[in-house]
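Me: Please take a close look at a single part of this model, a sheet and the hairpin within it, and describe how its strands are put together.

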Amino acid sequence: MMSRRGDHPDHHRLDAQSGSVGVAQGRASPETPTISKGGPVKNRLIGLAVATAIAVGVSLTGAVPAQAATPAIQITKIYYNSPGTDTGSNASLNAEWVRLTNTRTYTINLKGWTLRDKSSHIYTFTSNYYLGAGTRTYVHTGKGVNGYPDVQHRYWRSAWYVWNNAGDTASVRNPAGTLIDSCTWGSSGSYTYC
Ligand SMILES: [Ca+2]
Ligand SMILES: [Ca+2]
């Protein structure tokens with residue numbers, strides 16, 4: 001079947017090889033280990049609790065693991081297999097997109113932030129782009145005018161698809177290059193909420 005396309009041709013084989021292993025690497029659900037702290041507890045019982053906690057591999061502090069903290073800029077949806085046959089038309093390219101959400105209660109300037117796939121195709125927010133608290137932006141793969149049809153929409157201006165139908169990883173980094181969030185999917189479906 002020729003309807004399933006991959007990435008830029010030169011990356012085809014690389015991504016195809018690893019496309020089947022990415023299923024389980026989505027964002028971990030924020031699970032907070034719960035340890036009962038009600039009432040006075042004797043040392044012997046605390047010792048038992050410690051032993052139990054160690055045995056099951058949880059933290060006694062109950063702290064949320066760092067990797068489960070909500071990223072400031074979160075990848076909240078990716079439409080990686082645009083509807084219909086992947087002809088490479090600009091309309092088809094733009095039906096492939098990534099949605100980023102500002103999860104914070106303040107505006108974040110995305111200037112200098114990057115979005116990339118597993119093959120290091122990189123989109124950079126090159127100018128000031130203020131993403132309001134709780135608001136979203138859509139980065140479309142094809143060409144278009146930033147800010148149209150409304151302020152939420154940005155355009156990668158890529159000549160070909162970026163996000164592989166058969167599995168890929170999207171990651172977002174801040175201007176310092178620090179990984180802020182990532183999203184991995186496999187070969188099924190057309191989109192993911194990450
Ligand atoms: Ca398609
Ligand atoms: Ca790719």
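Reply: In this predicted model, strand β9, residues 168-173, and strand β10, residues 179-185, run antiparallel and are joined by six bridges. One of the pairings can be followed residue by residue, since Ser 171 has Ser 182 in β10 as its bridge partner. The two strands form a hairpin with five residues between them, and in this hairpin Gly 177 adopts a positive phi near 90 degrees.

On its other pairing, β9 is joined to strand β4, residues 114-116, by three bridges, and these two strands also run antiparallel. Here Leu 115 has Val 172 in β9 as its bridge partner.

Taken together, these strands belong to an open sheet of four, in the order β5-β4-β9-β10, with antiparallel pairing. The edges are formed by β5, which covers 122-124, and by β10, each of which pairs on one side only. Averaged over the sheet and with direction ignored, neighbouring strands are turned by 15 degrees against each other. As a general point for reading side chains here, in a regular strand they alternate between the two faces of the sheet.

Some care is due with the model as a whole: the protein averages a pLDDT of 79, and 65% of the residues score at least 70. Over residues 8-60 the pLDDT stays under 50, and for that stretch the model has 50 contacts beyond four places in sequence.

Definitions and conventions:
Residues numbered from 1 in each chain as written. Chains lettered and ligands numbered in written order. Predicted model: local features only at pLDDT ≥ 70, side-chain atom pairs only at ≥ 80, totals over all residues. pLDDT = per-residue confidence, 0-100. Contact = placed C-beta atoms within 7 Å. Pairing = 2+ DSSP bridges. Axes fitted to C-alpha atoms, helices over the stretch in contact; angles between N-to-C directions.
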